[in-house]
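Please open the model in your viewer and keep the selection tool at hand. The stops below are meant to be followed in order, each with something to select and something to look for.

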2 protein chains.
Amino acid sequence: MARMSAADRRSALIEAALRVVSREGLAQATTRAIVGEAGMSLASFHYAFESRDELVDELIGTVVARERKAVAPEELIAAAGEGASLAELVEAGLLRYFEHLRADPEHEQAMLELTQYALRSPERHPLAVAQYERYAELVVEALEAAAELTGARWRLPVEHVARVLVAFTDGLTITWLVDRDDAAAARVVAAAADALSRMADPR
Amino acid sequence: MARMSAADRRSALIEAALRVVSREGLAQATTRAIVGEAGMSLASFHYAFESRDELVDELIGTVVARERKAVAPEELIAAAGEGASLAELVEAGLLRYFEHLRADPEHEQAMLELTQYALRSPERHPLAVAQYERYAELVVEALEAAAELTGARWRLPVEHVARVLVAFTDGLTITWLVDRDDAAAARVVAAAADALSRMADPR
DNA sequence: GACGAACTGGGACAGTTGACCCAGTCGCCT
DNA sequence: AGGCGACTGGGTCAACTGTCCCAGTTCGTC
């Protein structure tokens, strides 16, 4: 393995770890599996990280920080059409997320696994909370943009609306991961968009 | 340990395993931890089960089969009042589930972990599918009862409605497990009940 | 009450895993 | 060019885990 700084090595290991977790699950992401994926030796692992736990914690932090809005408002307009209603816009956004899920199910599965891992110990619980706060944050931005685009106004705090949307999204994710039923997922999307759009006054 | 039949031992071990998984997570549910919880020796484990995998598979089967309707229709009437609308009835049912979740979060967390475990290998995937089919089955019964009680009629196949409700329930579960925000959960419940009740024609 | 089969307990074993150590190598800085 | 600190590779260790074995015990049946 070529020489690299500790910082570079840390990120290389985190990337490798994410790939292993996505492909085989967190339980299979042993130090050896991660190091193998990264093409390094075991010693390099413990040179860059104190312990496996430290890497997993940092992995969660990284993926959370990296999480980007799945949808830009402009795309949604393009997808839903110019004079789209808020409901149509929300539905388009959810469908966009669903496409993202279909394109890379393993990634969402890995996210879910990391969440559950974090939920299992009190000192890691905040990592899960931060993860969901980040989700909500991104959704808030999208919801505000959608309201602005359609001239609608959210009747309750947009953070509340976002929290509900995150819950619906999670449910969509898990159930689809289990049954891979696209039509059923589409019905969930439609129902969720319907419920959410009723939380705003149209203009 | 007193003598017991292999069948009894299997169920005792499964009960013990469920307790360990609920309390400490699936990863910590080693043969020794399970056997310790059950107060048996290691040999008894492998007398009753071929392998740990066999126990986990059977554990999933057991919890799924045991899953009961969280709500009986009569209770809902009592909770929602005599002349309750379908929307109120659905909301009461979801709230009842939420109470169940609050009362025993570890159990739902264990269920989620078992699902994800099953999702990780092709030969176990059907276990997760069966788990969710069972959920949907129970929900179908509740939805049919609710429609009958209010004289409403589901506009789409009740199985489809149930599938959406299961997704919403899952989302409710995960997000609440993360942030333990009761008020947010209540908003999810209200939104879900709203969306679902719109899938029926009132009478 | 004796017999055989069902059952139990303790110990053992091999494989895996996280962690670590040390001898060596490389690259930067003076 | 030389030296020093950063970095690397391989080997090793103890702990843990799933599995198995075997000697012994208990129970139902004749």
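The tour goes from one whole chain to its annotated segments, then to the interface, and ends at two single residues.

**Chain A as a whole**

Before selecting anything, bear in mind that this is a predicted model. Begin with chain A alone, shown as a cartoon, where you will find 10 helices and two strands. Following the chain along its sequence, you should be able to trace the pattern α-α-α-α-α-α-α-α-β-α-α-β. If you reduce the display to the C-alpha trace, chain A spans about 60 × 35 × 30 Å along its principal axes. Of its 203 residues, 52% count as buried. Among the contacts in chain A with a separation of 6 or more, 67% are accounted for by residues 24 or more positions apart.

**The annotated segments of chain A**

Next, select residues 7-67 of chain A, which UniProt, in an unreviewed entry, marks with the feature "domain: HTH tetR-type". This span is 79% helix and 0% strand, and its end C-alpha atoms lie 21 Å apart. Now narrow the selection to residues 30-49 of chain A, for which UniProt lists "DNA-binding region", again from an unreviewed entry. Here the span is 75% helix and 0% strand, with 14 Å between the end C-alpha atoms.

**Where chain A meets chain B**

Bring chain B back into view and select the residues that touch across the interface: 44 residues of chain A are in contact with 44 residues of chain B. The area buried between the two chains is about 3400 Å², of which carbon and sulfur atoms give 61%. Colour Arg120(A), Arg163(A) and Val178(A), since in chain A these lose the most area to chain B, together 22% of what that side buries.

For the polar side of the interface, show side chains as sticks and look at Arg163(B) and Asp179(A), whose side chains meet in a salt bridge at 2.6 Å, N to O. The count between chain A and chain B is four salt bridges, and 14 residue pairs are found in polar contact across the interface, both residues of each pair being at pLDDT 80 or more.

Which helices of chain A each supply at least two residues of the side that touches chain B? Select helix H1 (6-24), helix H7 (105-119), helix H8 (125-150), helix H9 (158-179) and helix H10 (182-197) of chain A, as each of them does. Of the contributions to this side, that of H9(A) is the most, with 15 residues. Coloured by class, the side of chain A that touches chain B has 24 nonpolar, nine polar and 11 charged residues.

**Two residues in chain B**

Now centre the view on Val90(B), which is found in helix H6 (residues 86-103) of chain B. Is Val90(B) buried or exposed? Val90(B) counts as buried because its relative accessibility is 7%, below the 20% cut-off. Leaving out residues up to four places away in sequence, Val90(B) touches Ala193(B) and Leu196(B). Arg180(B) is 90 residues from Val90(B) along the chain, and their C-alpha atoms are separated by 22 Å.

For the last stop, select His107(B), which is found in helix H7 (residues 105-119) of chain B. With a relative accessible area of 16%, His107(B) is buried. Apart from its neighbours within four places in sequence, His107(B) is in contact with Ser22(B) and Glu67(B).

Key:
Residues numbered from 1 in each chain as written. Chains lettered and ligands numbered in written order. Predicted model: local features only at pLDDT ≥ 70, side-chain atom pairs only at ≥ 80, totals over all residues. Heavy atoms only, no water. Contact = heavy atoms within 4.5 Å. Buried area = accessible area lost by both parts, 1.4 Å probe. Polar contact = N/O pair within 3.5 Å; in protein donor to acceptor, adjacent residues only side chain to side chain. Helix = DSSP H or I, 4+ residues; strand = E, 2+ residues; numbered from the N terminus. Nonpolar A, V, L, I, M, F, W, Y, C, P; charged D, E, K, R; others polar. Buried < 20%, exposed > 50% of the residue type's maximum accessible area, 1.4 Å probe, protein only. UniProt positions renumbered as here; feature names shortened; annotations may be inferred.
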